[in-house]
Every structure is written in structure tokens, then in C-alpha cells.
Amino acid sequence: MVVLAFAWLARDILLVAFLGVLIGVVFSYPVDLLARFMKRGLATLLVLLVLGGATTGIGFLVAPSIAEQVNDLQESAPKAIKSARSWLRDQGDAGEKLQEGAGKVIDKAGQVAVPALLGLVSGLTSIVLVIVLGAFVVSDPELYKEGLRSLVPKTSEKLFDEAWKRTGNGLRRWVGGILVSMTIMGTLSAIGLKIAGIHDWMLLGLLTFFGTFVPYVGAVASAIPGLLVAATQSPRHLLFAFLVYTGIHIIEGYLVEPLIMARAVKLKPAALLISVGVMSAIFQIPGVIVATPLLVCAQALVDYLWVERSLAKEPA
């Protein structure tokens, strides 16, 4: 009980620590490759330098275009909202009720705007901390493993080693699969919106890239800005944007999901949605980010420690 109470009080710190481990898993792919030819610490430093240089270079190249598209999105979103309000007024009493509800939502959004801005500053600080933590973890993972292993009774060390191995393998497979999935979905959406003539296609493709990280919920949320932008252009562009997003999510469901993610780590959709809902209620946005990888770890541990060892069954 004391351990659970401490974990609850320190939940934000534990969340940052898990994010650091997750970033360490991402870094482990290039670091493991370079560690064959040089010391692991030097390989980690090299990866960080290349990542920082690449991020800076890409930022200089695409920042003007992204900034222009962000400004365009800021101008087009109010126009889309205004058009929606006009349509609601034309619907009579039902439209007035919907408009009243939308007004309450907008007022609520205004109340949380300042806390959200403060949270953004805090989030940027946390990102730097998470990257540094991930670099420390990937530079010498055995050190941290042995530190935790020293807390386990000697009779349970083999059990700990196998649980550690399975959890790490599951997390690595999921990270590899989700990075491939994000790249495919972001690229396809950007290309599709470009062909359809939708403004701000690069920014919208980037939103789809990051939205794919959160299963189901992120996909829907990342499509909303694209539909708003298309609605300000014409009904024809709105139809095109809808077809593009529908098409790429069909591709995700029937090609990307079974061919990539199912081979990486197979998770039940209901469990995913419950995990996202619970973690978002406790940690807000950071909880949504770590909900799926936490579920991956939990599934690996339950399958091994409970299903295989306690029940003597094969995992479903």
C-alpha cells in the first residue's frame, strides 16, 4: 500500500521517466548499429548530434512554409466556423440549440487558454528532460537493468531477466512498427491532400504523422483541421479532403495495421481505447501519449507472469 501511495503521488515523475525510457528505445535502433564500431557512449552522442543537426536543418528549410501554412490555417479556421454558424442558423430551433452548445464549448476553451499556454512552456521543458533521460538510458541500459535487478530476491532473478527481456522486445517491436506506420500515414495524407488541391497540405500531413501515434483517437482528431481548411475552399474540396482521409484510414485498417502493427505487437482495440481513456483522465495529453506503450508493457508482463506461469496456458 505504501508503494502504491508513493507511486500515485509521484505519478508525474514516473510518467516522465517512462517517456525517457520510450525515447531511449527509439534511440536504441541507431545506437545499437553504431555501437558495433565504436563505444556506446560515443555512439549515443553522435546520434544526438546528428538528430539535432538534422532537426535544425529541416527547420530552416520548412519553417517558412510551415509558418505560412499555420497563418493560413489561423485565417481559414474562423471562416469555417462562421460558415458553420450560418448553416446552423438556417436550421431553425435545432440549429439554435447546437449553436448554443458550441458557444459553451468555445467559452470553455477560452477559460483554459492561459493554462494551456503555461502547460506548453512546461511541456517544452519536459521534452528536453525526456530526451536527456532517454540518452542516459540508451548509453548504458545494462547499468539501469542491474540496478533494478539488485532489488529483486536472488531466487527471482531469472524471472526478472525473462520479464525484462519480453517487455523490452515488445516495446522495441511496437516502437519500430508505429514509426513506420506514422511515416506511411503522414506521407500518404500529405500527397493526397496536395493532389486534391487542399491548402496547407504539408502542415496537415505533419498533423496526421503525429496523430497516428495515438490509435483511433489521433486519426480522427488529425483529420478535423484538414476538413476545416477544405471547407473554406469549396464544397468540392471538402469532398476531396473527406475522400483522402477516408482512403488513408482504409489503407491503415486493411494494410498498415495487419501488415505492420499486427506483426509488431497485436493489441485489442477495446483495450487500446480504455487505456487511452484512463490515462488521459489521469495525465491529460501526456497520458494519451504513453497509453499504448504502457499497454504493450502490461500485456507482455501479464502474458508471461500470469497466463504462462500462474495459469500454465498459452497467451491468447
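**Exercise 1. Decide how S28 is placed in the model, and name its partners.**

Solution. S28 is buried, since its relative accessible area is 8%, where buried means under 20% relative accessible area, exposed over 50%, and partly exposed in between (1.4 Å probe, protein chains only). This is a predicted model, in which local features need pLDDT of at least 70 and side-chain atom pairs count only at pLDDT 80 or more, whereas totals for chains, interfaces and linings use all residues. Residues are numbered from 1 along each chain as its sequence is written, and side-chain values use heavy atoms, with hydrogens and water left out.

The next step is to place the residue: S28 lies in helix α2, where helices (H or I, at least four residues) and strands (E, at least two) are DSSP runs, numbered from the N terminus. Leaving aside neighbours within four places in sequence, S28 is in contact (heavy atoms within 4.5 Å) with V138 and R172. The side chains of S28 and R172 are joined by a polar contact of 2.6 Å; a polar contact is a pair of N or O atoms within 3.5 Å, of which, within protein, one must be able to donate a hydrogen and the other to accept it, and residues adjacent in sequence count only if both atoms are side-chain atoms. Finally, S28 and A135 are 107 residues apart in sequence, and their C-alpha atoms are 9.2 Å apart in space.

**Exercise 2. Determine whether R149 and V128 are buried or exposed.**

Solution. Begin with R149, which is found in helix α6 (residues 141-149) and is buried, with a relative accessible area of 19%. Not counting residues up to four places away in sequence, R149 touches E157, F160 and D161, and the side chains of R149 and D161 make a polar contact of 2.8 Å.

V128, in turn, belongs to helix α5 (residues 113-139) and is exposed, its relative accessible area being 52%. Between V128 and G20 there are 9.9 Å in space, C-alpha to C-alpha, although the two are 108 residues apart in sequence.

**Exercise 3. Describe how α8 and α9 pack.**

Solution. Two packed helices are described by the angle between their axes and the distance between the axes. For α8 (residues 201-211) and α9 (residues 217-233) the angle is about 170 degrees and the axes are 8 Å apart; axes are lines fitted to C-alpha atoms, for helices over the stretch in contact, and angles run from 0 to 180 degrees between N-to-C directions. The helices α8 and α9 are therefore roughly antiparallel to each other, a label used for angles over 145 degrees, while those under 35 count as roughly parallel, 65 to 115 as roughly perpendicular and the rest as oblique.

The residues in contact are L204, L207, T208 and G211 from α8, which meet G218, A219, S222, P225, G226 and V229 from α9.

**Exercise 4. Find the largest nonpolar core and the residues with the most contacts inside it.**

Solution. A nonpolar core is a set of buried Ala, Val, Leu, Ile, Met, Phe, Trp, Tyr and Cys residues joined through side-chain atoms within 4.5 Å. The largest has 26 residues, and those with the most contacts inside it are L22, W174, I178, F213, L267 and V290. Two or more residues come from each of α2 (11-34), α7 (157-195), α11 (269-283) and α12 (285-310), and α12 gives the most, with 6 residues.
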